[in-house]
Amino acid sequence: MTEYESVIQKGPATKAEERRERAVLVGVERPGLPWPLESSLAELERLADTAGADVVATTTQRLDNPRTFVGTGKADEIAELARSREADLVIFDDELTPSQQANLEKVMDKSVKVIDRTALILDIFALHATSKEGRLQVRL
């Protein structure tokens, strides 16, 4: 049976049958967080699963550096972790500024996307938006 015959008989592959993205989760522990970092990362993992990504690794740091959000050494460590686990995506638990995201993307391989929790949630909304109004709201 050729590839085309299987598509004709079974129909095109659904989103669930396609290769899921592989994600590395990153959390930063800071004083005064309103909830434990472990709980926040567990919720982030569930969000990633809902968005269609498999979490292949999780890492945390206690340092907060405004240039890359995490320290330079930790950014290199995250890039190596993503490379070794063949990750497509690095998801940060906190909101990143555009410059922090750009600096982190410079450290990662070109094929690895860097997003934050907010972008992940918007992606989930986009996946589940069915009405014209819903899709428009997500795009805005």
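**Exercise 1.** In this predicted model, find the residue of S2 that is the bridge partner of Leu-25.

*Solution.* Start with the two strands: S1 covers residues 21-28, and S2 covers 53-61. They pair in the parallel sense over eight bridges. Now look across from Leu-25, and you will meet Thr-58 as its bridge partner in S2.

**Exercise 2.** Work out the strand order of the open sheet, then say which strands stand at its edges and why one side of each is left without a neighbour.

*Solution.* The sheet has four strands in the order S2-S1-S3-S4, with parallel pairing. Strands S2 (53-61) and S4 (113-116) each have a single partner strand, so they stand at the edges and one side of each has no neighbour in the sheet. To finish the picture, add the turn: neighbouring strands are rotated by 25° against each other on average, direction ignored.

**Exercise 3.** Place Thr-72 in its element, classify its exposure, and compare its separation from Val-107 in sequence and in space.

*Solution.* Thr-72 belongs to helix H3, residues 72-84. Its relative accessibility is 42%, so Thr-72 counts as partly exposed, the class between 20% and 50%. Next, take the C-alpha atoms: Thr-72 and Val-107 are 9.1 Å apart in space, with their positions 35 residues apart in sequence.

**Exercise 4.** Locate Glu-86, check the sign of its phi, and decide whether it is buried or exposed.

*Solution.* Follow the chain from H3 to strand S3 (89-92): Glu-86 lies in the loop between them. Its phi is near 55°, a positive value in a residue other than glycine. With 58% relative accessibility, Glu-86 counts as exposed, because the cut-off for that class is over 50%.

Note on methods
Residues numbered from 1 in each chain as written. Predicted model: local features only at pLDDT ≥ 70, side-chain atom pairs only at ≥ 80, totals over all residues. Heavy atoms only, no water. Pairing = 2+ DSSP bridges. Axes fitted to C-alpha atoms, helices over the stretch in contact; angles between N-to-C directions. Buried < 20%, exposed > 50% of the residue type's maximum accessible area, 1.4 Å probe, protein only.
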